[in-house]
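Thanks for coming. Please have the sequence and the model open while I talk, and I will go through it piece by piece.

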Amino acid sequence: MKNAQYSWLALPLLCSAALVEAANGWHGPEPFRLERFDGRQFDYNLESFLQRLSFTEQPISSGVPLWQQNGWYGTGGSSRGKEFYVHSLLQQKVRFDAPLFAGFRHKRSEDLDGWYDRALFGVGYQARTNWDLGVWGDVSGAKEEMDLQFEANRYFDDGSYLTAAVVLTDVFYNSKTYSDNRYERNPLTLYLAGAKQFVDQQLSAFININLPTEFNDATLGQLLQDEQYSAGISWQRSFQGERQLSVQGQGLYGKRRADSPLADSDADWQLTRRFAQLNLEWQQPLQQRPTALGLQLNRLTEYDSRFANATQSAESRREAFAYLRQDRSLNDNWRWRPTLYVGYGAVRSELRTNSDEPLKDNGWLAKISPNLLWQLSQSSGAYLLINPTVKLHNLQFGGGNIQVFVPF
């Protein structure tokens, strides 16, 4: 492993507000990767999370978990002049006459550490469509980079489900690497997710645990340590008149450090990260047109020993975004889904990879997205969404985005 009406690549009951892909546990396990120790691959600016919010805007209302779906969903767009945001999920599972299955999953996305890919090949036992047991491998040409994921899934007739997974990251590293580097404590990820379907409401949750890991980097003469925990809960309630309320909260806590046995200091480097996000969305018809009003609150705090000896936060974000979306039919195959975003952000970033100057900024932000949706297939729900955006707070082009959904 290296670095909607029609939406199906998320766990059911996920709040239908758009999400910043910071805590990605809704889409399955998020295992440890060595690239975390390199630091974030890009810098955030004042508009970074607003850009990602506008690029992932789709109502999510699927009641079927990812592991039961075959298809591809992808979204990509220019988040800054030299950066590209992409989130893509693909799965194909094939059943045989025997009670067996084989499958492939690919995920390309980003989190608070940067960009990454997962490509899983799996086989397993599936006697019926409502449960399976499988083993998936993230296979690469370098044997020391291979992961193994053991997974159990159970689906109930009322739409409820349970998923459990154990991920062994870089499982063959110590015996297959050509270097003197080695894991002193092997990385292990535990994942549990579930949903409960009631008559007019749904409740779902996930928890992702990256247990403490120790990596001895002989080249740098450092002992690197990492641990990370994330969780989320979502509630969705339907009312008469096609009205719906969705609430979702998720959070992440992570800690990593680099110690040198030859140094006098207790820690050469230490990072502590806390992230929290709350989404709310109300949907109802307005003049017979589906309309949604949403709110997203973000809070990111990172303490880094390279700044003020970790007594002050090196990265701090406090943001609130509201959006208004309406769905209008143009003809049988085209829909217009204009969305207006308004929000306020307060950002401080003291340690920036691509700049010697810290970022200290705050202010009002606004953006408009036309969102033209082309229905490629009425029967399958396949679509293509074209989303050029304009930033209203400075009257500049806000980046272009394309989203595609193709069921198999």
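One definition before the residues: buried means under 20% relative accessible area, exposed means over 50%, and partly exposed is what lies in between. Take Tyr-344: its relative accessible area is 32%, so Tyr-344 is partly exposed. Trp-364 has 63%, so Trp-364 is exposed. Please keep in mind that this is a predicted model.

Those two residues belong together. How are the rings of Tyr-344 and Trp-364 arranged? Their centres are 5.2 Å apart and their planes are at 70°, so this is an edge-to-face pair. Tyr-344 is in strand 18 and Trp-364 is in strand 19, so the pair ties together parts that are 20 residues apart in sequence.

Next, the strands themselves. Strand 18 and strand 19 are antiparallel and pair over eleven bridges. On the strand 15 side, eleven bridges also join strand 15 to strand 18, and these two run antiparallel. Arg-348 is a useful marker here. In strand 18, Arg-348 is the bridge partner of Ser-316, and Arg-348 also stands opposite Lys-360 in strand 19.

Which way do the side chains of strand 18 point? They alternate. Thr-339, Tyr-341, Gly-343, Gly-345, Val-347 and Ser-349 point to one face and are buried. Leu-340, Val-342, Tyr-344, Ala-346 and Arg-348 point to the other face and are not buried.

From Ser-349 we can step across to strand 15. Glu-315 is in strand 15, and the side chains of Glu-315 and Ser-349 make a polar contact at 2.8 Å. Glu-315 has a relative accessibility of 4%, so Glu-315 counts as buried. Leaving aside neighbours within four places in sequence, Glu-315 is in contact with several residues, including Arg-40, Tyr-44, Leu-300 and Glu-302.

Now the charged pairs. How many salt bridges does a search of the whole structure find? The search finds 26. I will show three.

The side chains of Glu-110 and Arg-52 form a salt bridge, with 2.6 Å from N to O. Glu-110 is in strand 3 and Arg-52 is in helix 1, so this pair ties together parts that are 58 residues apart in sequence. Both ends are out of the way: Glu-110 is buried at 2% relative accessible area, and Arg-52 is buried at 4% relative accessibility.

The second salt bridge is between Asp-113 and Arg-256, whose closest N and O atoms are 2.8 Å apart. Asp-113 is in the loop between strand 3 and strand 4, while Arg-256 is in strand 12, 143 residues apart. Asp-113 counts as buried at 4% relative accessibility, and Arg-256 is buried at 2% relative accessible area.

The third is between the side chains of Arg-337 and Asp-327, at 2.8 Å from N to O. Arg-337 is in the loop between strand 17 and strand 18, and Asp-327 is in the loop between strand 15 and strand 16, so the pair ties together parts that are ten residues apart in sequence. Both residues are buried. Some salt bridges share partners, and one network built that way joins Arg-36, Arg-40, Asp-113, Asp-226, Arg-256, Arg-273, Glu-302 and Glu-315. We have already met Glu-315 in strand 15.

Back to helix 1, this time for Gln-51. Gln-51 sits in helix 1, which covers residues 48-55. Is Gln-51 buried or exposed? At 4% relative accessibility, Gln-51 counts as buried. Apart from neighbours within four places in sequence, the contacts of Gln-51 are Ser-78, Ser-79, Lys-367 and Gly-398.

Helix 1 also takes part in the largest nonpolar core. That core has 16 residues, and Tyr-44, Phe-49, Leu-50, Leu-112, Phe-275, Leu-300 and Phe-321 touch the most other members. Helix 1, strand 15, strand 18 and strand 19 each supply at least two residues. Which element gives the most to this core? Helix 1 does, with three residues.

Last, the aromatic rings. The count of aromatic pairs comes to 17. Besides the pair I began with, Tyr-173 and Phe-215 are edge-to-face, at 5.6 Å centre to centre and 75° between the planes. Tyr-173 is in helix 2 and Phe-215 is in strand 10, 42 residues apart. Both are buried, and together with Phe-32, Phe-37 and Tyr-183 they form one aromatic cluster.

Terms used
Residues numbered from 1 in each chain as written. Predicted model: local features only at pLDDT ≥ 70, side-chain atom pairs only at ≥ 80, totals over all residues. Heavy atoms only, no water. Helix = DSSP H or I, 4+ residues; strand = E, 2+ residues; numbered from the N terminus. Buried < 20%, exposed > 50% of the residue type's maximum accessible area, 1.4 Å probe, protein only. Contact = heavy atoms within 4.5 Å. Salt bridge = Lys/Arg side-chain N within 4 Å of Asp/Glu carboxyl O. Core = buried A, V, L, I, M, F, W, Y, C linked by side-chain atoms within 4.5 Å. Polar contact = N/O pair within 3.5 Å; in protein donor to acceptor, adjacent residues only side chain to side chain. Pairing = 2+ DSSP bridges. Phe/Tyr/Trp six-rings, centres within 6.5 Å; stacked < 30°, edge-to-face > 60°.
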